[in-house]
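Visitor: I am new to reading protein models, and I would like a close look at one part of this one. Please take the sheet and describe what surrounds it.

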Amino acid sequence: MSNSVNMELSYPKEIDRAKRERWPFILPVGTMEYHSTHCPYGTDTLTAVGIAREVANQVDCVVLPPIWYGVASYAVGGPESNTINVSCDTLELYVYDILKSLFMAGINRNIYILITHQTEDYLPMTLACMKAAKKLTFEYLNETKGFAWWGKNENKEFYGDLSNEDNPWNWVRVLLSDRIANTPNDHAGIYECSLLEYLYPGTVKLERLSETDDWFAESAKDATVELGKEIVDLTVDGFVQLLKNKH
C-alpha cells in the first residue's frame with residue numbers, strides 16, 4: 001500500500017515528505033466538453049483523475065487537484081452543446097503558473113501532466129501543456145545556471161552524463177493516457193464509456209443513447225466494466241513502470 005496523497009487534502013508535513021523523497025507529482029488536465037447525451041461534461045477530467053488515483057494506489061506520489069477547464073474546442077459540438085472552451089494560450093499560461101509555483105517550492109523533478117482528451121500527437125491541449133513545461137524549464141536553467149549554460153565548455157558532456165531523472169527535458173512530462181500502454185480510445189464510445197464506468201460506476205447513462213443520433217456514440221452500447229478495467233490496468237501498469245524506470 002502506498003503513502004500517496006491528494007494535495008488538496010494534504011498538510012505541509014505530507015508534502016514536505018514528498019519533496020524530500022522526490023515523489024512524483026501528477027497533474028490531471030481535462031475539459032468540460034459535450035460527450036453526447038449519456039456521458040457527463042467532465043468525462044475527460046474524471047478519467048484522468050481516476051487513472052492518477054489508481055497509480056497512486058501503487059506508487060508513492062502526490063495527485064494534484066485537476067484542471068477541469070481545458071482546450072475542448074467546438075469540434076464535437078458547438079457552443080449550444082454547453083461545452084466550455086478555454087483557449088490554448090490561456091491554458092498555457094495557467095499551466096505555466098502552476099508549474100512555476102511547484103518549481104519555486106523545490107518541486108522541479110518528477111512532474112507528470114496526464115491528459116485523456118485529444119490524445120493524438122500535438123493537438124492544442126497537449127501543445128499548451130508541453131509549451132508551458134518547456135518554457136519554464138529553459139527559464140529555470142537560465143536562472144540557476146546562467147545564460148549560455150549549455151554552451152560552456154564545462155557542460156560539453158551534458159547529454160552523455162544525464163540520467164533519466166536528471167534530464168531537464170524530462171522534469172515535466174506530458175503523458176497521453178492511451179499512449180502509455182497503447183490502449184484504444186474514442187469519444188463517448190465503447191472505450192471511453194467502459195473506462196468511465198469502471199472508474200465511476202453508474203456515471204454512464206446508456207439508456208439515454210436513444211436521445212441522440214451522434215455517430216461517435218454508437219459503439220457505446222457495447223461498453224463493459226470488464227473492458228474498462230482492462231484499459232485501466234494496462235494504463236496504470238505502464239505508468240507505474242515508467243515511474244519505476246525513472247528511478
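Guide: What follows starts with the sheet, goes on to its central strands, and then turns to the helices and loops around them. Keep in mind that this is a predicted model.

Five strands form the sheet, which is open, and their order across it is 1-3-2-4-5. The pairing is parallel. Strands of a sheet pair through backbone hydrogen bonds, and the pairing can be either parallel or antiparallel. The edges are strand 1 (5-6) and strand 5, each of which pairs on one side only.

Begin at the edge formed by strand 1. Strand 1 runs parallel to strand 3 (residues 62-63), and two bridges join them. In this pairing N6 stands opposite V63 of strand 3. Helix 2 (residues 43-56) packs on the sheet and touches strand 1, strand 2, strand 3 and strand 4. The direction of helix 2 makes about 160° with that of strand 2. Helix 4 also packs on the sheet, where it touches strand 2, strand 4 and strand 5. Its direction makes about 170° with that of strand 5.

Now take strand 4 (residues 111-115). Five of its five residues are buried, so strand 4 is largely enclosed by the rest of the structure. In a regular strand the side chains alternate between the two faces of the sheet. Here I111, I113 and I115 point one way, while Y112 and L114 point the other way. All of these residues are buried, whichever way they point.

Strand 4 has a partner on each side in the order of the sheet. With strand 2 (residues 25-29) it pairs in the parallel sense over five bridges. P28 is the residue opposite L114 of strand 4. Strand 4 is also joined by five bridges to strand 5 (residues 172-176), again running parallel. There I115 has L176 of strand 5 as its bridge partner.

One residue of strand 5 is L175. L175 has a relative accessible area of 8%, so it counts as buried. Setting aside neighbours within four places in sequence, L175 is in contact with Y112, I113, L114, I115, I180, F239 and L242. Among these contacts, Y112, I113, L114 and I115 are residues of strand 4. By contrast, the C-alpha atoms of L175 and N185 are separated by 14 Å, although the two residues are 10 residues apart along the chain.

Next come the helices, beginning with helix 4 (residues 124-145), which packs against helix 3 (residues 88-104). Their axes are 8 Å apart and meet at an angle of about 40°. That angle makes helix 3 oblique to helix 4. The crossing of the two is right-handed. On the side of helix 3, the contact is made by C88, L91, E92, V95, Y96, L99, K100 and F103. The residues of helix 4 that they meet include P124, M125, A128, A132, L136 and Y140. The residues of this contact divide into 14 nonpolar, one polar and five charged. An α-helix has 3.6 residues a turn, so residues three or four places apart point the same way.

Helix 2 packs against helix 6 (residues 190-199). The angle between them is about 55°, with the axes 10 Å apart. Helix 2 and helix 6 are therefore oblique to each other. Their crossing is left-handed. T43, D44, L46, T47, G50, I51 and E54 of helix 2 meet E192, L195, L196 and L199 of helix 6. By class, this contact has five nonpolar, three polar and three charged residues. Eight of the 10 residues of helix 6 are buried, so helix 6 is largely enclosed by the rest of the structure. The buried residues are I190, E192, C193, S194, L195, L196, E197 and L199.

Two loop residues remain. Most residues other than glycine have a negative phi. R22, in the loop between helix 1 (12-20) and strand 2, has a positive phi of about 55° although it is not a glycine. With 39% relative accessibility, R22 counts as partly exposed. A148 lies in the loop between helix 4 and strand 5, and its phi is also positive, near 65°. A148 counts as exposed, at 56% relative accessibility.

Terms used
Residues are numbered from 1 along each chain as its sequence is written. This is a predicted model: local features need pLDDT of at least 70, side-chain atom pairs count only at pLDDT 80 or more; totals for chains, interfaces and linings use all residues. Side-chain values use heavy atoms; hydrogens and water are left out. Axes are lines fitted to C-alpha atoms, for helices over the stretch in contact, and angles run from 0 to 180 degrees between N-to-C directions. Helices (H or I, at least four residues) and strands (E, at least two) are DSSP runs, numbered from the N terminus. Angles under 35 degrees count as roughly parallel, over 145 as roughly antiparallel, 65 to 115 as roughly perpendicular and the rest as oblique. A crossing is left-handed if the near helix is turned anticlockwise from the far one by less than a right angle, and right-handed if clockwise. Contact means heavy atoms within 4.5 Å. Ala, Val, Leu, Ile, Met, Phe, Trp, Tyr, Cys and Pro count as nonpolar, Asp, Glu, Lys and Arg as charged, and the others, Gly among them, as polar. Buried means under 20% relative accessible area, exposed over 50%, partly exposed in between (1.4 Å probe, protein chains only). Two strands pair if DSSP finds at least two bridges between them.
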